[in-house]
Amino acid sequence: LALQELYIEQGCPESGVFSFSMYQLIQMCDLQDTGGNRKVLRQSLERLSATQYWISGAWRSHEDDEWVTAGFRLIEKLVFTRKRSDIDGAKAISVTLPRELVRNIRNGYFKPVSAALLRELGQPSRAAYRVIDGLRHDPVQPD
């Protein structure tokens, strides 16, 4: 969710490439800025870039009026950049999202969700919110 928010904040670049600092990601996740949290978030990003997902017959290509089965990683490319003099880790993180995800976000099939609101809601309220909110939109006419 934090990556989606950062991508949308940066104007949904068509290339799917966006950059941020670890501090920005920590803020988005509402975590304390500690070495332990930085390590956990880095490991999470690495996992997201290595895990393959399959969406089977449920991914809509509205432009072509087709249902698509696609395999992809949530992070297509992950780059950590730091200067040689920086001993405390990367100063910039660059993420490239897969084409399928970029297309669906840009076409309005993924929409921003208030991270602050979701943090205030506990489970199962958070899951109910997402389901009810999803029912408010027509999948054929997302606007």
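Reader: Which helix gives the largest share of the lining of the second largest pocket?
Author: This is a predicted model. Helix 1 (2–9), helix 3 (35–50) and helix 4 (99–106) each supply at least two residues of that lining. The largest share is four residues, and it comes from helix 3.

Reader: How much space lies in the second largest pocket, and which residues are the closest to its centre?
Author: The space comes to about 380 Å³. The lining has 18 residues. The closest to the centre are Leu1, Leu3, Gln4, Leu48 and Leu74.

Reader: By class, how many residues of that lining are nonpolar, polar and charged?
Author: Leu1, Leu3, Gln4, Leu48 and Leu74 are part of the lining. By class, the whole lining of the second largest pocket has two polar residues, no charged residues and 16 nonpolar ones.

Reader: Which residues of helix 1 are buried?
Author: Helix 1 is mostly covered. Six of its eight residues are buried. They are Ala2, Leu3, Gln4, Glu5, Leu6 and Tyr7.

Reader: Which residue takes a positive phi just after helix 1, and what is the phi of Cys12?
Author: Just after helix 1, Gly11 has a positive phi of about 85°. Cys12 sits in the loop between helix 1 and strand 1. Cys12 is not a glycine, yet its phi is positive too, near 50°.

Reader: Is Cys12 buried or exposed?
Author: The cut-off for buried is under 20% relative accessible area. Cys12 has 16%, so Cys12 is buried.

Reader: What is the exposure class of Cys29, and how many disulfides does the structure hold?
Author: Partly exposed residues fall between the 20% and 50% cut-offs. Cys29 has a relative accessible area of 28%, so Cys29 is partly exposed. As for disulfides, the structure holds zero.

Reader: Where does Asp30 lie, and is Asp30 buried or exposed?
Author: Asp30 lies in the loop between helix 2 (22–28) and helix 3. Asp30 is not a glycine, but its phi is positive, about 55°. Most residues other than glycine have a negative phi. The relative accessible area of Asp30 is 51%, over the 50% cut-off, so Asp30 is exposed.

Reader: How many bridges join strand 1 to strand 5, and how many join strand 4 to strand 5?
Author: Strand 1 (residues 17–20) and strand 5 run antiparallel. Strand 4 (residues 77–81) and strand 5 run antiparallel as well. Strand 1 is joined to strand 5 by four bridges, and strand 4 to strand 5 by five bridges.

Reader: Which residues of strand 5 pair with Phe18 and Lys77?
Author: Strand 5 covers residues 92–96, and four of its five residues are buried. Phe18 stands opposite Val95. The bridge partner of Lys77 in strand 5 is Thr96.

Reader: Which residues of helix 4 are buried, and which residue just after helix 4 takes a positive phi?
Author: In helix 4, the buried residues are Glu100, Leu101, Val102, Asn104 and Ile105. Just after helix 4, a positive phi of about 90° belongs to Gly108.

Reader: In what order do the elements of the protein run?
Author: The secondary structure comes to six helices and five strands. From the N terminus on, the order is α-β-α-α-β-β-β-β-α-α-α.

Reader: What share of the residues is buried, and what share of the contacts between residues at least 6 apart joins residues at least 24 apart?
Author: The protein has 143 residues, and 29% of them are buried. Among contacts between residues at least 6 apart in sequence, the share that joins residues at least 24 apart is 48%.

Terms used. Residues numbered from 1 in each chain as written. Predicted model: local features only at pLDDT ≥ 70, side-chain atom pairs only at ≥ 80, totals over all residues. Heavy atoms only, no water. Buried < 20%, exposed > 50% of the residue type's maximum accessible area, 1.4 Å probe, protein only. Pairing = 2+ DSSP bridges. 1 Å grid on protein atoms, 1.4 Å probe; cavity = no way out; pocket = protein on both sides within 12 Å on 5 of 7 lines; lining within 4 Å. Points joined across faces, edges and corners; volume = space filled by probe spheres on them. Nonpolar A, V, L, I, M, F, W, Y, C, P; charged D, E, K, R; others polar. Disulfide = S-S within 2.5 Å. Contact = heavy atoms within 4.5 Å.
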